[in-house]
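Got the viewer open? Switch to a cartoon view and keep the selection box handy.

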Amino acid sequence: MGKITVLGSASAVPDEQHENTHFLLQADERNILIDCAGNPIQRLSRVGVDPDSITDIILTHFHPDHVSGVPMLLMGMWLLGRQAAIHIYGLDETVERMEAMMDLYYWKNWPDFYPVHFHGVAEEENSVVLVTDGLRIFASPVRHLIPTIGLRIEFPKIGKRMAYSCDTQPCPSVVRLAEGVDVLFHEAGGPFVGHTSPLQAGEIARQAGAKSLYLIHYPIRGEETGNFVADAKKLFDGPVYLAEDLMTLEFTE
Ligand SMILES: [Zn+2]
């Protein structure tokens, strides 16, 4: 079984109902954070997940709304007594910047700090991020303002697949990442450079042959989110939903 919990669904500016976009992925005895916004300890406690159980963190790109929660999470887990190592994945320059950011917080001086292992992901299509018996995660570069990866997540034991566009304008690599997936989480930041409108997200889902589409990373101020789903449906025949904070999705046989 695989389970996704949406910990945040907003684009760069959150409100009291919508944290910045990040997820919890639970599968094959791994609890994986995909991006790390706000203070994840608050969101994890809302969904009853012990921060100590987080095994891995995947960082899609080094924009504040996707990585700024890492220092607070690492510090909080340390103060809560964590001993186990944690693994952080991202493009080389993403993990290098993450390490430099932690250096600014003097983290090497934190006594008895648990091990943090950084893993660079190659900047090429279908790079392996993490593979276990029941879980396969691949990354491909997408088209955002800075180097960014989208993700394809497969649950081979149950034959289910999902994809997450991350922040990107419409591009062929997202279509390939999302080819035939059961669920596509696609950003809907708007028709701007480096982002995608709901209408365009519907077009990508159609091209990829995705079975369902969840719009995420959408603006929550000054726009009618009710129109987002209707816009995506103009170009995509399958079911379209607006991702909301704390919603869960289970992948089963
Ligand atoms: Zn971004």
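This tour goes from a sheet to a crossover and then to a core. One thing before you click: this is a predicted model.

**The sheet.** Start by colouring seven strands in the order E6-E5-E4-E3-E2-E1-E14; together they make an open sheet with mixed pairing. Its edges are strand E6, residues 116-121, and strand E14, residues 248-251, each of which pairs on one side only. Look along the sheet and you can check the turn between neighbouring strands: 20° on average, direction ignored.

**One edge.** Next, select residues 2-8, which are strand E1; four bridges join E1 to E14, and the two run antiparallel. Show Thr5 as sticks and add Thr248 of E14, since these two stand opposite each other.

**The other edge.** Now jump to E5 and E6. Which way do they run, parallel or antiparallel? Parallel, with six bridges joining them. Pick Leu91 and you'll find its bridge partner, Val121, in E6. To get from E5 to E6 the chain passes through H4, making a right-handed β-α-β crossover. Select 92-104 to light up helix H4: it lies across E5 (86-91) and E6, at about 130° to E5.

**The core.** Last stop: the largest nonpolar core, with 69 residues. Which members touch the most others? Select Leu151, Ala178, Leu184, Leu213 and Leu215. Then centre on Leu151. Leaving aside neighbours within four places in sequence, Leu151 is in contact with Ile34, Ile58, Ile137, Ala139, Ala163, Tyr164 and Cys166. As a general backdrop, nonpolar side chains in soluble globular proteins tend to be buried together.

Terms used: Residues are numbered from 1 along each chain as its sequence is written. This is a predicted model: local features need pLDDT of at least 70, side-chain atom pairs count only at pLDDT 80 or more; totals for chains, interfaces and linings use all residues. Two strands pair if DSSP finds at least two bridges between them. Axes are lines fitted to C-alpha atoms, for helices over the stretch in contact, and angles run from 0 to 180 degrees between N-to-C directions. Two residues are in contact if their C-beta atoms, placed from the backbone, lie within 7 Å. A nonpolar core is a set of buried Ala, Val, Leu, Ile, Met, Phe, Trp, Tyr and Cys residues joined through C-beta atoms within 7 Å. A residue is buried if 20 or more other C-beta atoms lie within 10 Å of its own, exposed if 12 or fewer, and partly exposed in between; C-beta atoms are placed from the backbone. A crossover is right-handed if, with the strands pointing away from the viewer, the path from the first strand over the helix to the second runs clockwise.
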